[in-house]
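Biologist: Please bring up the model, so that we can go through it one topic at a time.

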Amino acid sequence: MAMLRRLVRSSPSLSYSSLIPPALLISCRGLTTKLFVGGLSFYTNDKGLSEAFSQYGQVIEAQIVTDRVSDKSKGFGFVTFASEDEAHKALEEMNGKALNGRVIFVDYAKPKANYGGGMPIARGPPDPITIKDS
């Protein structure tokens, strides 16, 4: 994606849509409109994140990731925009800017990784060791 951005910037006659097959755009649309926001203050909430990014377009969802046990912010979140252009504008404008006293870092969200299809890591206690007498 970064390569495409450089190519489009260097040649004004090109556009993203002319370089990417339509099927790929449809399947990846959710990722190109969703931004990862890191370095957030632990006091930033969903509403504050949405308000900060809404000046660059229609925010569909703004979500701060929290710890399951303590329910405290993990310091990062995601913002989903209505269009790819709005997301791109927000990325360029907000990356490196201060929000609630902290410098934030913005990038396109990556797809979730599959960690073994839900299989547990621990498989129970170890097998008992049999001691033989000599």
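Biologist: How many helices and strands does the secondary structure of the protein come to?

Modeller: This is a predicted model, in which local features need pLDDT of at least 70 and side-chain atom pairs count only at pLDDT 80 or more, whereas totals for chains, interfaces and linings use all residues. Residues are numbered from 1 along each chain as its sequence is written, and side-chain values use heavy atoms, with hydrogens and water left out. Counting DSSP runs numbered from the N terminus, with helices (H or I) of at least four residues and strands (E) of at least two, the secondary structure comes to five helices and six strands.

Biologist: In what pattern do they follow along the sequence, and what percentage of the residues count as buried?

Modeller: Read along the sequence, the protein follows the pattern α-α-α-β-α-β-β-α-β-β-β. Buried means under 20% relative accessible area, exposed over 50% and partly exposed in between, with a 1.4 Å probe and protein chains only. Of the 134 residues, the share that counts as buried is 27%.

Biologist: Which element gives the largest share of the largest nonpolar core?

Modeller: A nonpolar core is a set of buried Ala, Val, Leu, Ile, Met, Phe, Trp, Tyr and Cys residues joined through side-chain atoms within 4.5 Å; the largest has 20 residues, and Leu35, Leu49 and Phe53 have the most contacts inside it. Two or more residues each come from strand 1 (34-38), helix 4 (46-53), strand 2 (59-66), strand 3 (73-81), helix 5 and strand 6 (105-108). The largest share, four residues, comes from helix 5.

Biologist: Within what arc do the buried residues of helix 5 fall?

Modeller: Those buried residues are Ala87, His88, Ala90, Leu91 and Met94. They line one face of the helix, because seen down its axis they fall within an arc of 165 degrees. That arc is taken from the directions from the helix axis to the C-beta atoms, and its value is 165 degrees.

Biologist: With which residue does the side chain of histidine 88 make a polar contact?

Modeller: Histidine 88 sits in helix 5 (residues 84-94) and counts as buried because its relative accessibility is 16%. A polar contact is a pair of N or O atoms within 3.5 Å; within protein, one must be able to donate a hydrogen and the other to accept it, and residues adjacent in sequence count only if both atoms are side-chain atoms. At 2.9 Å, the partner side chain is that of tyrosine 108.

Biologist: How far apart in space are glycine 38 and glycine 75?

Modeller: Glycine 38 lies in strand 1 and, at 6% relative accessibility, counts as buried. Contact means heavy atoms within 4.5 Å, and, leaving aside neighbours within four places in sequence, glycine 38 is in contact with Gly75, Phe76, Val103, Ile104 and Phe105. The two glycines are 37 residues apart in sequence, and their C-alpha to C-alpha distance is 6.4 Å.

Biologist: Is aspartate 71 buried or exposed?

Modeller: Aspartate 71 is found in the loop between strand 2 and strand 3. Its phi is positive, about 60 degrees, although aspartate 71 is not a glycine. Most residues other than glycine have a negative phi. With a relative accessible area of 58%, aspartate 71 is exposed.
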